[in-house]
Amino acid sequence: MTNEIPIGLAKSGVRGWALDDVAVVPNRRTRSPQEVSLDWQIDAYDFDMPVIGAPMDSVMSPATAIALGRLGGLGVLNLEGLWTRYEDPEPVLAEIAELEAQEVSPANTERLQRLYSEPIKAELITARLAEIREAGVVVSGSLTPQRTQEFYQTVVEAGVDMFVIRGTTVSAEHVSQNGDPLNLKEFIYELDVPVIVGGAAGYTPALHLMRTGAAGVLVGFGGGSSTTTRRAMGIRVPMATAISDIAAARRDYLDESGGRYVHVIADGGLGTSGDIVKALGMGADAVMLGTTLARAEEAPGRGWHWGPEAVHPDFPRGHRTHVGTVGPLEEVLWGPSHHTDGSSNLMGGLRRAMAATGYSDLKSFQRVDAIVSPPSQQQSR
């Protein structure tokens, strides 16, 4: 049996499914939502929900990382963002929020690039991580592979609990003739903290990332609605297929390694509670949220959302997107909700979906039945 579809005489492609194309299916058993556990553990750290705040300046500040930690999730600070470039980034965030309203704007992009041209300061990395640590929550920061060699020692000395290496595409072996490439396996081996790496979008690259010793692998290219990677680079892998393929890599690596479990974390394109449900149902252990958390009142983006790709100095491939505000962070995550579109009480939606399909914990929910129903075949979205 093959999943390949001919594109023409010389090329074929594999069929892929987006989260919009699939749905989870109730079975013969249901449960009370109060009997469902959303607890998630990675390495030595326990969380009340499988939620990681994406390291994006419109989503996570030191304050929102602390707030998310107190609500039971994990906040990851972008260590290449405004908080490590400016002593006081609030005026910069206010300026970004006041840029002209249209999302696709070369003038906006040029201004963002200039604002992000301010150098990263090691002392601010230390100060921001110390602020999070003093609040008593799990401390996590993110660097791109390009910046990891330069700043990881600063991050480790600051006392980070969990380290994230996040980029559009991250590989276990980066081939380069210029400079020393980051050897992930050696790098992770030398660290004393768990490392989450990504993005990856297929079985083979994910398996290689797992073999580096990573505690978790990010699935997808991140950024969600604020990236234009597909239009600018022609790269896209539908999320439902990507999660399922990388869950298969997790299973095979578990056998290969003699029992070492690597967490699969869906990253990008998770705009509603229903998307979170389907990502976990496809096999993810947790989700990294950007757009959904950018809608919280406490989010530093003030109703606007953008990713690090949008400020790339040479090849920006994203834009500042207006996502609006739906309520306080606690309401967005835990409710009570006053919205009917899945934009708030995200964990309530997940809990009810698990109860309706008969599952009491996240690991067993990965076995939920699924159906493929592309949007063209759906009566309503």
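**Exercise 1. Backbone outliers at Arg 302 and Asp 43**

Locate Arg 302 in this predicted model, then state what sets its backbone apart and where a second such residue sits.

*Solution.*
- Step 1. Arg 302 belongs to the loop between helix H11 (291-294) and E15.
- Step 2. Its phi is positive, about 55°, although Arg 302 is not a glycine.
- Step 3. Most residues other than glycine have a negative phi.
- Step 4. Arg 302 is partly exposed, because its relative accessibility is 40% and that class runs between 20% and 50%.
- Step 5. Asp 43 also has a positive phi, near 55°. Asp 43 sits in the loop between strand E4 (40-42) and strand E5 (45-47). Its relative accessibility is 49%, so Asp 43 counts as partly exposed.

**Exercise 2. Cis peptide bonds**

Which residues does a cis peptide bond join at Gly 198 and at Pro 336, and where do these bonds lie?

*Solution.*
- Step 1. Most peptide bonds are trans.
- Step 2. Gly 198 is joined to Gly 199 by a cis bond with omega about 20°. Gly 199 is part of strand E11 (residues 195-200).
- Step 3. Gly 335 and Pro 336 are also joined in cis, with omega about 0°. Pro 336 falls in the loop between helix H12 (329-334) and helix H13 (346-356).

**Exercise 3. The buried side of H2**

Find the buried residues of helix H2 (residues 90-97) and explain their arrangement.

*Solution.*
- Step 1. Val 92, Leu 93, Ile 96 and Ala 97 are buried.
- Step 2. These residues span an arc of only 140° around the axis, so they lie on the same side of H2.
- Step 3. An α-helix has 3.6 residues a turn, so residues three or four places apart point the same way.
- Step 4. The packing partners of these buried residues are helix H3 (106-115) and strand E15 (304-305).

**Exercise 4. Aromatic geometry**

How many aromatic pairs does the structure hold? Classify two of them, Phe 163 with Phe 187 and Tyr 359 with Phe 365.

*Solution.*
- Step 1. The structure holds four aromatic pairs.
- Step 2. In the pair of Phe 163 and Phe 187, the centres are 6.0 Å apart and the planes meet at 50°. Planes over 60 degrees apart count as edge-to-face and those under 30 as stacked, so this pair is tilted.
- Step 3. Phe 163 comes from strand E10 (residues 162-166) and Phe 187 from helix H6 (residues 184-190). The pair thus links distant parts of the chain, 24 residues apart. Both Phe 163 and Phe 187 are buried.
- Step 4. Tyr 359 and Phe 365 have centres 5.9 Å apart and planes at 75°, which is edge-to-face. Tyr 359 and Phe 365 are both buried.
- Step 5. Ring pairs also bring Tyr 152 into a cluster with Phe 163 and Phe 187.
- Step 6. One further ring contact involves a charge: Arg 320 lies over the face of Trp 304, 3.6 Å from the ring centre.

**Exercise 5. Nonpolar cores**

Which residues have the most contacts inside the largest nonpolar core?

*Solution.*
- Step 1. The largest core has 98 residues. Phe 163, Val 197, Val 287, Leu 293 and Leu 333 have the most contacts inside it.
- Step 2. Helix H9 (residues 239-256) supplies the largest share of this core, seven residues.
- Step 3. Take Leu 293. Beyond four places in sequence, its contacts include Gly 53, Val 59, Met 60, Leu 68 and Leu 333.
- Step 4. A second, separate core has 15 residues, among them Leu 82, Tyr 86, Trp 306 and Val 311.

**Exercise 6. Two polar side chains**

Are Ser 140 and Asp 369 buried or partly exposed, and what do their side chains reach?

*Solution.*
- Step 1. Ser 140 is in strand E9 (residues 140-143). Its relative accessible area is 0%, so Ser 140 is buried.
- Step 2. The Ser 140 side chain reaches the backbone oxygen of Met 162 at 3.0 Å. Other residues touched by Ser 140 include Leu 74, Val 76, Leu 129 and Val 164.
- Step 3. Asp 369 is in strand E17 (residues 369-372). Its relative accessible area is 38%, so Asp 369 is partly exposed.
- Step 4. The side chain of Asp 369 makes a polar contact with that of Asn 27, at 3.0 Å. Asp 369 also touches Ala 23, Val 24 and Val 25.
- Step 5. Asp 369 and Val 76 are 32 Å apart, C-alpha to C-alpha, and 293 residues apart in sequence.

Note on methods
Residues numbered from 1 in each chain as written. Predicted model: local features only at pLDDT ≥ 70, side-chain atom pairs only at ≥ 80, totals over all residues. Heavy atoms only, no water. Buried < 20%, exposed > 50% of the residue type's maximum accessible area, 1.4 Å probe, protein only. Helix = DSSP H or I, 4+ residues; strand = E, 2+ residues; numbered from the N terminus. Arc of directions from axis to C-beta. Contact = heavy atoms within 4.5 Å. Phe/Tyr/Trp six-rings, centres within 6.5 Å; stacked < 30°, edge-to-face > 60°. Lys NZ or Arg CZ within 6 Å of the ring centre and 35° of its normal. Core = buried A, V, L, I, M, F, W, Y, C linked by side-chain atoms within 4.5 Å. Polar contact = N/O pair within 3.5 Å; in protein donor to acceptor, adjacent residues only side chain to side chain.
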